[in-house]
Amino acid sequence: MVLGTRRFRTGSPVVEEWTRLSPFTSFGRKQMNVKIKIGAVALVASLMAGTVPAFADFWSDAGAKLKGVTLRGVTESTPPSNYIKDVLAPEFEQKTGIKVEIETTSWDQMYDKAIKDMEAKTGIYDMVYIEQDIVYAYLARNFLVDITQTLKGDPSLKAPDFDETKFTTFANYFKGANGDLFGVPMEAFIKIYLYRKDLFDDPKIKEAFKAATGKDLAPAKTHEDYTQIADFFTKYAKDNSLELWGTTAQAHTGHPASWYEFFESVAPTFGVYNWGIDASNNYAASVANGGTMNSDKSKEALKYWLHLRDIAPPESAASTWTEVATTFAAGRAAQGLVYGENAAWIASDAEKSKVVGNVGVALPPVADGVIAEAEAGKGYIGYYDGGAFGIPVTSKSKEAALLFLQYIGQDSVQGGWAVAAPRITNTSTYEDPGVKDMDAKLGGYYTMLKDDGKLFAGAPPYPFHAQVREATSPIFYRILTGEVGPDEGLDQMAAAAEAELQNLGYRK
Amino acid sequence: MGSNRTGWLMLAPTLLILGVFGIVPFFYVLYLSFHQWNPFAANPNMIFIGANNFRRLVFDGEFLTSLWFTLKFAFFAVVSEIIIGYMLAQMLTRDFYGKGFFRTIHTLPLIVAPIVVGSVWRLMTTPSIGIIPYYLNKWFGYQLNIGSDATAAFIITVIMDIWHWTPLVTLTLLAAIVSLPKDPFEQAQIDGANRWQIFWHITLPMIRPAILATVFIRLMDALRTVDEVWMLTGGGPGAATRFVGLHIWKIVFPKTDYGYGSAISIIVLYLTLVMCWLLYVGLVAPRVRRSKVNADA
């Protein structure tokens, strides 16, 4: 029932209208004391609540003004986005009458379409997915509507259950310099260390591991441990003719996913942050100029990762983030770094995953001192990924889009969404019973997100994100194919990054 | 006069579409190629830089590498398609059991969108999972990995293109072959010519215009290949399949270097025209001249 008691308080327009027209109250106004009147109003209001279905809630009222509008959004095809398309958009459509068309496509195509639309000011899209790493570029170009200011400017658009303060701190990534919100967070997750509990708890395997290494088999805390476990499982599987390898590797030789795995998930665990670029030092990337992209730590990290790639399943050289999740779900890897957005289906969807019930989560292995730096806010141990929905300033239906963004930002829709796709953007979602159940199935992933999320970080606040990536990734791919050695390659990448930053005018 | 106006009126929609979607964008790209323009640069405005973009690409190793790979790709793909297409066309001139079924199956790849072709081939070639690596390993012990083997990835992109576009060549050449007059062939047989002599001296010269038209079409297509390869390899491993169309796409879209991307586009268009012109001058023009001389004589 959509009637809310808030709309039937004394003094509300509905009650005043009823009071003015009702013979009962006009007759009694002079005779009844205030208590009786309030009691009568409450009685009649409660009766009306049960008998008058015509009164609408905020969504149908707001939607009525925008009837006939069709919203178009573009987003990456991920579990959280698919939930918007399949569940939240139809719900919103039913409540408001505003049609919502969500286009889910590949990551590359999503950017291609969104940027072209906003750049050319064609106004095709009313909502665009803003991944955390691109928001700075969008803000620098004034592509996005200031949600906070727009809602302040037109309070009639403000949904009663939408409150910016209910978001987790991840929402801060989508705030401008003035502290205003430019995107409603719709997914937030960390790239975690997944391991196979069934393998790690198998007595026979534990015994074999102990015999081979002299150590107890447990999720790795250091890079040495991780490598040792990966080496062990790859050899163990080969010796026993199993289709199993020691680790995953997101090591596509022609797709930026590999570049991201290294710079956002591996290099930070060695203490190389912000892609090795020092923004405070004239955007230096090379060691010679004060950067760390080609530092000894960075080179050590790359060699560590390249070794893991070599003992990972053969498909790793053609794996992006999606294939890594698929590899893990297919039971082909004993451990790996996997984006949290895939953790739920890997751990719980028996139709897609062969490792349901056997998934454990842990923090990524790190070098000495990295955890301390992360706790002190001077570094981070992995990637806090996520995205928001924003409204392009070129949208032709900003009001309707704003309603939709508020709809998906409400606490009330978060629980089901988090269970379907492991993402949490509102603080209250952690207390949802469904989320708590799922947390147990995921081996405590949500608890980790809540307690240790602060140790992870999103992409650095660079407005030249894709530009530097594209300038350096061809060299990175050549490192992966062995055409260039890791040391020489990182030197070349640092030089290419600085040249690109100079070309773009950021580096003087 | 009236019919002239009617003619122009009937042409007008086509000319309008050509102007709006062909000529205007061409001049816009040409205009951009003389500018530095990256909307995510510190200065996001267009800055006129003369021919600097063109000078830059002459020394751009990545561009030159992608151009070289593209030319190799176009050569192997188009030559293979012409040879296989001709053989299949000859086969289809004969009667055999299941000919209709074969012709239908053989033509099916033509109706598949390139992006789907790329997806299907990616599924078929993904190491450990795809059907092609599986059987190559099972039958020959060869481990195909297009993620790490540059040569294998290049060959697979060529094979994928051949699979996709050979039916077009077959249909074009089949149409040319079945329309040939029978008399010269009968005369040649009476004169005792063997099959090779008939092919070399009669069939080939007579279908040469059809072959050249097909080569032009396929060459232009091969030089601008993007979607199939983008889906299959993403341009990797390394830069092994980063063909020039894909290179331009990466410069223009993810990197948003519109000025430089436009300059590369113009140069690639120019090179395509030059190659087609060379083919015309080398293969078509001499024959036209000879025909004219013979007619004059």
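**How the terms fit this two-chain model**

Me: Which residues of chain B carry the feature "transmembrane region" in UniProt?
Reply: The unreviewed UniProt entry places that feature at residues 7-31, 67-89, 110-132, 152-177, 198-220 and 258-283 of chain B. UniProt positions are given in the numbering used here, feature names are shortened, and annotations may be inferred rather than shown by experiment. The model itself is predicted: local features need pLDDT of at least 70 and side-chain atom pairs count only at pLDDT 80 or more, while totals for chains, interfaces and linings use all residues. Residues are numbered from 1 along each chain as its sequence is written, and chains are lettered from A and ligands numbered from 1 in the order in which they are written.

Me: How helical are residues 198-220 of chain B, and what counts as a helix here?
Reply: That stretch is 100% helix and 0% strand, with its end C-alpha atoms 31 Å apart. Helices are DSSP runs (H or I, at least four residues), strands are runs of E (at least two), and both are numbered from the N terminus. Residues 110-132 of chain B, by comparison, come to 61% helix and 0% strand, and their end C-alpha atoms are 21 Å apart. On that basis, chain B as a whole has twelve helices and two strands.

Me: What does the record list at residues 67-279 of chain B?
Reply: UniProt (unreviewed entry) lists "domain: ABC transmembrane type-1" there. Over those residues the chain is 75% helix and 0% strand, and the end C-alpha atoms lie 19 Å apart.

Me: Why are α7(B) and α9(B) called roughly antiparallel to each other?
Reply: Two packed helices are described by the angle between their axes and the distance between the axes. Axes are lines fitted to C-alpha atoms, for helices over the stretch in contact, and angles run from 0 to 180 degrees between N-to-C directions. Angles under 35 degrees count as roughly parallel, over 145 as roughly antiparallel, 65 to 115 as roughly perpendicular and the rest as oblique. For α7 (residues 150-178) and α9 (residues 195-223) of chain B, the axes come within 9 Å and cross at roughly 160 degrees, so the pair is roughly antiparallel. The contact involves residues including D161(B), W165(B) and V169(B) of α7(B), and I207(B), A210(B) and R218(B) of α9(B).

Me: What makes nine residues of that contact nonpolar?
Reply: Ala, Val, Leu, Ile, Met, Phe, Trp, Tyr, Cys and Pro count as nonpolar, Asp, Glu, Lys and Arg as charged, and the others, Gly among them, as polar. The contact of α7(B) with α9(B) divides into nine nonpolar, two polar and two charged residues.

Me: Why are α5(A) and α17(A) called oblique?
Reply: The axes of α5(A) and α17 (residues 398-409) of chain A come within 11 Å and cross at roughly 120 degrees. That value is in none of the named ranges, so the two helices are oblique to each other. The crossing is right-handed; a crossing is left-handed if the near helix is turned anticlockwise from the far one by less than a right angle, and right-handed if clockwise.

Me: How do you know which residues are in contact there?
Reply: Two residues are in contact if their C-beta atoms, placed from the backbone, lie within 7 Å. By this test I84(A), L88(A), F92(A) and T96(A) in α5(A) meet L403(A), F404(A), Y407(A) and I408(A) in α17(A). The contact has seven nonpolar, one polar and no charged residues.

Me: What makes α13(A) oblique to α22(A)?
Reply: α13 (residues 296-310) and α22 (residues 486-504) of chain A pack at about 125 degrees, with axes 10 Å apart. That angle makes α13(A) oblique to α22(A). Here the contact has four nonpolar, one polar and three charged residues.

Me: How many residues does each chain give to the contact between chain B and chain A?
Reply: Chain B gives 29 residues and chain A gives 27. The chain B side has 13 nonpolar, 13 polar and three charged residues.

Me: What makes the peptide bond between G236(B) and P237(B) cis, and what stands out about phi of S241(A)?
Reply: Most residues other than glycine have a negative phi, and most peptide bonds are trans. Omega between G236(B) and P237(B) is about 0 degrees, and P237(B) sits in the loop between α10 (227-232) and α11 (244-252) of chain B. Phi of S241(A) is near 50 degrees, a positive value in a residue other than glycine. S241(A) lies in the loop between α11 (223-239) and α12 (256-266) of chain A.
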